[in-house]
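Here is a friendly tour of one protein model, with an eye on how its strands are put together. Please keep the viewer open as you read.

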Amino acid sequence: MLALTELGQRLRKERESKGLSLEDLQKLTKIQKRYLLGIEEGNYEVMPGKFYVRAFIKQYCEAIGLDTDAIFEEYKSDIPSTQTEDMPQQLSRVRSRKEIPQHTKGVSKAYDYLPTVLVVAGVVVVGIIIWVIAQNIVSDKNKEQANQEAPNSEVQQSNTQEETNETTAKNDNSTSEDDQSAADKKEQEKEKAEKEKAAKEKAEKEKAEKEKKDSGKQEYKEVQKTGRSATYALSGTDAFNLEVTSTQADTWLDVKNGKGNAFFSSILKKGETKEFDLTKETEARVNIGYSPGVELKVNGKAVDLPFDSSKQVRQVVTIQYQPAEAQ
């Protein structure tokens with residue numbers, strides 16, 4: 001295993017302080033784990049190229065909340081620089097060798113093929129003239145045939161018009177019935193929507209009243225603190241609803257009950273909120289990998305994290321719940 005560079009040590013230490021594994025960082029940055037490990041070990045040979053070294057280091061820093069410009073300045077001796085080739089000069093040399101000879105050669109070949117081109121053009125013009133004459137002859141014959149069939153066509157047109165009128169009358173009656181059916185269906189859908197809306201408003205009102213009633217006697221108090229873990233007791237309510245929101249950055253979130261069964265164990269993205277109904281549980285354990293900007297609500301009421309997030313990035317909150325009816 002390669003010795004870590006100063007930059008690699010700094011990045012690994014910062015990542016671990018936020019409770020993130022290389023797998024977590026891979027999910028956040030979409031960079032393969034072997035490249036992230038190469039950055040921490042200073043093994044830039046595994047990268048696709050020097051440009052990717054700088055790009056991957058920049059994404060790594062942003063994912064763990066470091067100032068990219070400051071890192072590049074402080075560890076510029078550890079980070080390979082990129083170089084660009086003088087492409088305009090190379091292209092200029094290519095043109096100077098090839099442009100004039102190719103042009104002269106192309107003109108000479110064009111003159112060699114000129115007689116053949118003129119002959120082909122003449123054949124095409126004669127063919128077009130013959131085709132136009134043939135089309136005129138066919139058109140005249142079609143006109144004579146149409147004049148002979150005109151009387152029969154008028155009779156057929158009269159019969160067709162009568163059939164069309166009958167079909168139109170039938171279609172009008174059918175359309176009228178369809179319109180009535182569509183109107184009835186629309187009215188039924190409107191009534192259904194109004195009933196659903198009324199039921200939803202009633203449910204929301206009942207929920208709000210229940211939360212208001214519960215919040216008046218709900219008690220959430222600290223039981224103990226140790227290391228990065230704290231325990232709280234929730235009582236005086238018949239509901240245990242938990243909301244977790246990340247407002248600043250992606251974070252690892254793990255929510256389990258007292259028996260160790262997981263409700264959620266994944267990345268909580270910035271701006272995302274997860275809600276958990278834990279009313280049937282007696283205990284819930286909330287493991288937050290990156291606590292800055294994380295907000296907790298119990299039964300719709302915001303509660304503080306147990307530790308200062310600037311000092312304790314990873315925090316574990318255990319909530320012991322005792323329903324009011326059991327007290």
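The report below starts with the whole chain and then turns to the sheets.

## The chain as a whole

What you see is a predicted model. The protein has 327 residues, and 26% of them count as buried. Its secondary structure consists of six helices and ten strands.

The accessible surface of the protein is about 22,900 Å², and carbon and sulfur atoms hold 49% of it. If you look at contacts with a separation of 6 or more, 64% of them link residues 24 or more positions apart.

## The six-strand sheet

Six strands make up an open sheet with mixed pairing, in the order 1-2-10-7-4-5. Its edges are strand 1 and strand 5 (262–268), each of which pairs on one side only. From one strand to the next, the twist averages 15°.

As a reminder, the strands of a sheet pair through backbone hydrogen bonds, in either a parallel or an antiparallel way. Both kinds can be found around strand 2: this strand runs antiparallel to strand 1 and parallel to strand 10.

## Strand 2 and its neighbours

Is strand 2 mostly buried or exposed? Six of the seven residues in this strand (residues 229–235) are buried, so the rest of the structure largely encloses it. Buried here stands for under 20% relative accessible area.

On one side, seven bridges connect strand 2 to strand 1 (residues 219–226). Bridge partners across this pair include Glu-222 with Tyr-232 and Tyr-220 with Leu-234. The two strands form a hairpin with two residues between them, and Gly-227 there adopts a positive phi near 60°.

With strand 10 (residues 315–321), strand 2 shares six bridges. Tyr-232 turns up again here, standing opposite Ile-319 of strand 10. Tyr-232 is thus a handy residue to select in your viewer, with Glu-222 as its bridge partner in strand 1 and Ile-319 opposite it in strand 10.

## The four-strand sheet

A further open sheet is built from four strands in the order 6-3-8-9, with antiparallel pairing. Strand 6 (273–277) and strand 9 (301–303) are at its edges; each has a single partner strand, so one side of each has no neighbour in the sheet. The twist in this sheet averages 25° from one strand to the next.

Which strand does strand 3 (residues 241–246) join through five bridges? The partner is strand 8 (residues 294–298), and the two run antiparallel. Within this pair, Thr-245 stands opposite Glu-295 of strand 8.

Methods: Residues numbered from 1 in each chain as written. Predicted model: local features only at pLDDT ≥ 70, side-chain atom pairs only at ≥ 80, totals over all residues. Heavy atoms only, no water. Buried < 20%, exposed > 50% of the residue type's maximum accessible area, 1.4 Å probe, protein only. Contact = heavy atoms within 4.5 Å. Areas by Shrake-Rupley, 256 points an atom, 1.4 Å probe, with all protein chains shown as cover. Pairing = 2+ DSSP bridges. Axes fitted to C-alpha atoms, helices over the stretch in contact; angles between N-to-C directions.
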